[in-house]
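Reader: I am new to this structure and would like to know what stands behind the terms used for it. Please set each value against its cut-off.

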Amino acid sequence: MLLPAKTEVARQLRRYRAWERVMLASPADRAARATFEDSGYTLCVLMGKRCAREAADAAERYLRTTLAAYLQEQDARHGARPAIRPSPAAR
C-alpha cells in the first residue's frame with residue numbers, strides 16, 4: 001500500500017479543517033462550500049477513503065501513529081489476514 005508523505009497529509013488536513021470552519025461560519029457562501037468540498041475530495045484521494053469525514057479521521061490516525069502501526073490498524077479494520085499458502089500436502 002502506498003501512503004502519502006505525512007507532511008502532505010498534515011497540510012491537506014489543515015486545509016480541510018480551515019475550510020470546514022469557514023463553511024460552517026457562512027453556510028450560504030457557495031464558494032466556501034465548493035472549496036471545502038474540493039479539500040475533502042483531495043483528502044479522500046490521499047487517504048483512499050470514499051467519505052471526507054472518514055478521510056479526515058484516517059489522516060488524523062495516520063499522523064498520530066507510526067507507519068507500521070497505521071498499516072496494522074488498517075489491516076485489522078478491514079479484516080485482512082496474511083496470505084497463507086496451503087502446504088503442498090493440502091493441494
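**Helices and their angles**

Author: The axes of helix 1 and helix 3 cross at roughly 135° and come within 10 Å. These values belong to a predicted model.

Reader: Why are helix 1 and helix 3 called oblique to each other?

Author: Roughly perpendicular covers 65 to 115 degrees, and roughly antiparallel begins over 145. The angle of roughly 135° falls in neither class, and helix 1 and helix 3 are therefore oblique to each other. The crossing of helix 1 past helix 3 is left-handed. On the helix 1 side, the contact is made by Lys6, Val9, Ala10, Leu13, Tyr16, Arg17 and Glu20. On the helix 3 side are Ala52, Arg53, Ala56, Ala59, Glu60, Tyr62 and Leu63. Sorted by class, this contact of helix 1 with helix 3 holds 9 nonpolar, no polar and 5 charged residues.

Reader: What makes helix 1 and helix 2 roughly antiparallel?

Author: Helix 1 (residues 6-25) and helix 2 (residues 30-47) pack at an angle of about 155°. The cut-off for roughly antiparallel is over 145 degrees, and helix 1 and helix 2 are therefore given that term. Their axes are 9 Å apart. Helix 1 passes helix 2 in a left-handed crossing. The residues in the contact of helix 1 with helix 2 divide into 11 nonpolar, 5 polar and 5 charged.

Reader: Which residues of helix 1 and helix 2 meet?

Author: From helix 1, they include Glu8, Val9, Leu13, Tyr16, Trp19 and Met23. From helix 2, they include Ala32, Phe36, Gly40, Leu43 and Met47.

Reader: Which term fits the angle between helix 2 and helix 3?

Author: Helix 2 and helix 3 (residues 52-64) pack at about 55°, with their axes 8 Å apart. Roughly parallel needs an angle under 35 degrees and roughly perpendicular one of 65 to 115, so helix 2 is oblique to helix 3. Their crossing is left-handed. Gly40, Leu43, Cys44 and Met47 in helix 2 meet Ala52, Ala55, Ala56, Ala58, Ala59 and Tyr62 in helix 3. This contact of helix 2 with helix 3 has 9 nonpolar, 1 polar and no charged residues.

**Two residues**

Reader: Why is Arg17 called buried?

Author: Arg17 lies in helix 1. Its relative accessible area is 19%, and buried means under 20%, so Arg17 counts as buried. Apart from neighbours within four places in sequence, Arg17 is in contact with Arg53, Ala56 and Glu60.

Reader: How do you know whether Ala55 is buried or exposed?

Author: Ala55, found in helix 3, has a relative accessible area of 0%. With the cut-off for buried at under 20%, Ala55 is therefore buried. Setting aside neighbours within four places in sequence, Ala55 is in contact with Leu43, Cys44, Met47 and Lys49. Ala55 and Cys44 are 11 residues apart in sequence, and their C-alpha atoms are 5.1 Å apart.

**The whole chain**

Reader: How many helices and strands does the chain have?

Author: The chain has 4 helices and 0 strands, and the pattern along the sequence is α-α-α-α. Of its 91 residues, 27% count as buried. The chain exposes about 6,600 Å², with carbon and sulfur atoms supplying 56% of that area. Among the contacts with a separation of 6 or more, 53% join residues 24 or more positions apart.

Terms used. Residues numbered from 1 in each chain as written. Predicted model: local features only at pLDDT ≥ 70, side-chain atom pairs only at ≥ 80, totals over all residues. Heavy atoms only, no water. Axes fitted to C-alpha atoms, helices over the stretch in contact; angles between N-to-C directions. Helix = DSSP H or I, 4+ residues; strand = E, 2+ residues; numbered from the N terminus. Left-handed = near helix turned anticlockwise from the far one by under 90°. Contact = heavy atoms within 4.5 Å. Nonpolar A, V, L, I, M, F, W, Y, C, P; charged D, E, K, R; others polar. Buried < 20%, exposed > 50% of the residue type's maximum accessible area, 1.4 Å probe, protein only. Areas by Shrake-Rupley, 256 points an atom, 1.4 Å probe, with all protein chains shown as cover.
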